[in-house]
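Biologist: Could you walk me through this one, a bit at a time? I'll ask, you explain.

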Amino acid sequence: MNKFPLDGIRVLDFTFMWAGPYATMLLGFMGAEVIKVESQRRLDTIRIFDLVNLQMLEDINMSPIFNDINLSKLGINLDLKNTKAIEIAKRLIEKCDVVMENMRPGVMDRLGLGYEVACELNPSIIYLASSSRGAKGPERNYTGYAPSFGALSGLSNVTGHPNDPPSTIGGEIDLLSGLTSVYAILAALNYRKSTGEGQYIDQSSSEAGSVLIGELFMDYFMNGNVQTRQGNMDDHMAPHNCYPCKGENKWISIAIETEDEWLSFCNAIGNPEWTRDDRFSDVKSRLVNREELDKLISEWTMIYDPYEAMRRLQSAGVAAVQKYNSQDLFSDPHLKERDFAMKVTHPAIGDMICLAPPFKYSTLSVKFEHAPLFGQHNNYIFGELLGMSENEILKLREDGVIG
C-alpha cells in the first residue's frame, strides 16, 4: 500500500523563485520524488538574496526563503549551458513523469529541452511551462514577477480603497499560480492513468489571478459596468468591514448577510439604542448608511480585545474574526492542534519552523523534509538513478558539467 498519494511519481523541476518551486514543493509533500535542477552559473535569486532582511547571503545554503519553499525535494547541479549537461537532463526526462519549468517562453526550446524534445524522449511525459502571459499570444515574451501578474490579472485594480491607487499584489499571486499548476498536473496525471497519454500544459500566471474575479467579468459582459476599488465594502452586505479593537493595531473583521445575523449581532453587543434606528432597519438601509453604521460599530469594538470581541460575536453565530498577525498564527491553539507549522532540521541552518501542508489525509502521510543543500543529491541521482560510476561523476565535476 502506498504511504504517500503520489508514490512512484518523479518530477524534474527546472523552476526558480516562488511560483514554480511552490508547485513542485506541494507535489513533494504528496510524495512525488522532485529533482530540483540548479546551477552555480545561474543561482536562484532566493538562494542568494534574503527577501526578509533585504541583504545578500554569503552562504547559499542558508537562505530562509529558499529553504522554506523547497521542502521535500532532492537537489542536483547541472550547468545547462554545457552540452553534456543537456544530454544528462534528457536522460532524466526519460525517467520522469513530470517536467515543470517557469522560464520565459522559448528558453527551454533553445536549450534543447522543450516539450517537443521531451515528448520524443518520453511520449507519456507531462510537461508544464509556467510564464507571465502564457506561451501563446503577442505578449508571450513579457517578463513578469508577482506585481506584474497582479496588474495583468485585474486583481490589483480592484484591490484597495476607492480614492487610493491600485494595490501591488505581492508573492501571494505567485503561490496562487503554483496552486493552479498543481491542479493542472494532477488532472494530467489522472488523464494519463486512463489513456496513457502525456500532456503539454501552458500555464499563465496572470490568468491564474484573473479567474478569481469572474463576477467582475460577468458584470461587465452583462451590464457594461467596470468595477474598481471599493475597500472593504460589499455590494450586498452591511456591516462588512474591519473594525478597530482595544490595543495597538488590533482589528476584527465582521460580515453580516441576513436579518437573523443582524439581530444576533445586535443582541451580542447589548442592543444599544442605535440598533433600532430606522437607518439600520434593513439591509438596504444599512448599505445606504454604512459609514455611520461603521462608526457606531467601531465604538463598540474599541472597548474589547479582538479575541474577546470575536468570542462574543461567534458565540452568537456572527461571522467575526480577529485579524491575525504572524505571531498570532504561530501561537494560535487551534492551528497548533492542526500542526499548522512543523519543525524540520536543516543540515546548514539547524532546526527550522516551516508551514506544513494545509491538507491532512485520513489514511495517507505527507512527506515533510528539509530543502536540499546545493547539489546535495548529485551522487544519488547521477549514480544510482542514471547508473554513472564515481569516476564518471568526478569527471563531470572537473569539466564543469556538474556545478
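**A cavity and its surroundings**

Modeller: Sure, and keep in mind that this is a predicted model. Let's start inside: Met233, Asp234, Met237, Ala238, Pro239, His240, Asn241, Arg290 and Asp294 line the largest cavity.

Biologist: Which strand and which helix each supply at least two residues of that lining?

Modeller: Look at the lining names again: His240 and Asn241 are among them, and so are Arg290 and Asp294. The stretch 240–244 is a strand and 290–301 is a helix. That gives us strand 9 and helix 13.

Biologist: How do the lining residues divide into nonpolar, polar and charged?

Modeller: Met233, Met237, Ala238 and Pro239 are in the lining, and Met, Ala and Pro count as nonpolar. Asp and Arg count as charged, and Asp234, Arg290 and Asp294 line the cavity too. The split is 4 nonpolar, 2 polar and 3 charged.

Biologist: What volume does the largest cavity have?

Modeller: The structure holds 1 cavity of 30 Å³ or more. Its volume comes to about 40 Å³.

Biologist: On to the rings. Are Trp300 and Tyr304 stacked, edge-to-face or tilted?

Modeller: A pair of aromatic rings is described by the distance of the centres and the angle of the planes. Planes under 30 degrees apart would be stacked and over 60 edge-to-face. With centres 4.7 Å apart and planes at 45 degrees, Trp300 and Tyr304 fall in the remaining class, so the pair is tilted.

Biologist: Which ring does Arg286 lie over?

Modeller: Two arginines are worth a look here. Arg47 sits over the face of Phe66, 3.8 Å from the ring centre. For Arg286, the distance to the ring centre is 4.5 Å, and the ring belongs to Trp262.

Biologist: Is Gly270 buried or exposed?

Modeller: You'll find Gly270 in the loop between helix 11 (259–268) and helix 12 (283–288). Its relative accessible area is 53%, and the cut-off is over 50%. So Gly270 counts as exposed.

Biologist: Now the cysteines. Why does Cys266 have no bond to Cys245?

Modeller: A disulfide is a covalent bond between the sulfur atoms of two cysteines. To count, the sulfurs must lie within 2.5 Å. Cys245 holds the closest cysteine sulfur to that of Cys266, yet the gap is too far for a bond: 18 Å.

Biologist: And how many disulfides does the count come to?

Modeller: Cys96 is in none either, as its nearest cysteine sulfur, in Cys119, is 15 Å away. Cys96 is also buried, at 4% relative accessibility. The disulfide count is 0.

Key:
Residues are numbered from 1 along each chain as its sequence is written. This is a predicted model: local features need pLDDT of at least 70, side-chain atom pairs count only at pLDDT 80 or more; totals for chains, interfaces and linings use all residues. Side-chain values use heavy atoms; hydrogens and water are left out. Rings of Phe, Tyr and Trp (its six-membered ring) pair if their centres lie within 6.5 Å; planes under 30 degrees apart count as stacked, over 60 as edge-to-face and the rest as tilted. A charge sits over a ring if NZ of Lys or CZ of Arg is within 6 Å of the ring centre and within 35 degrees of the ring normal. On a 1 Å grid over the protein atoms alone, a cavity is a set of points where a 1.4 Å probe fits but cannot get out, and a pocket is an open set with protein on both sides within 12 Å along at least five of seven lines; lining residues have an atom within 4 Å of a point. Grid points are joined across faces, edges and corners, and a volume is the space filled by probe spheres set on the points. Helices (H or I, at least four residues) and strands (E, at least two) are DSSP runs, numbered from the N terminus. Buried means under 20% relative accessible area, exposed over 50%, partly exposed in between (1.4 Å probe, protein chains only).
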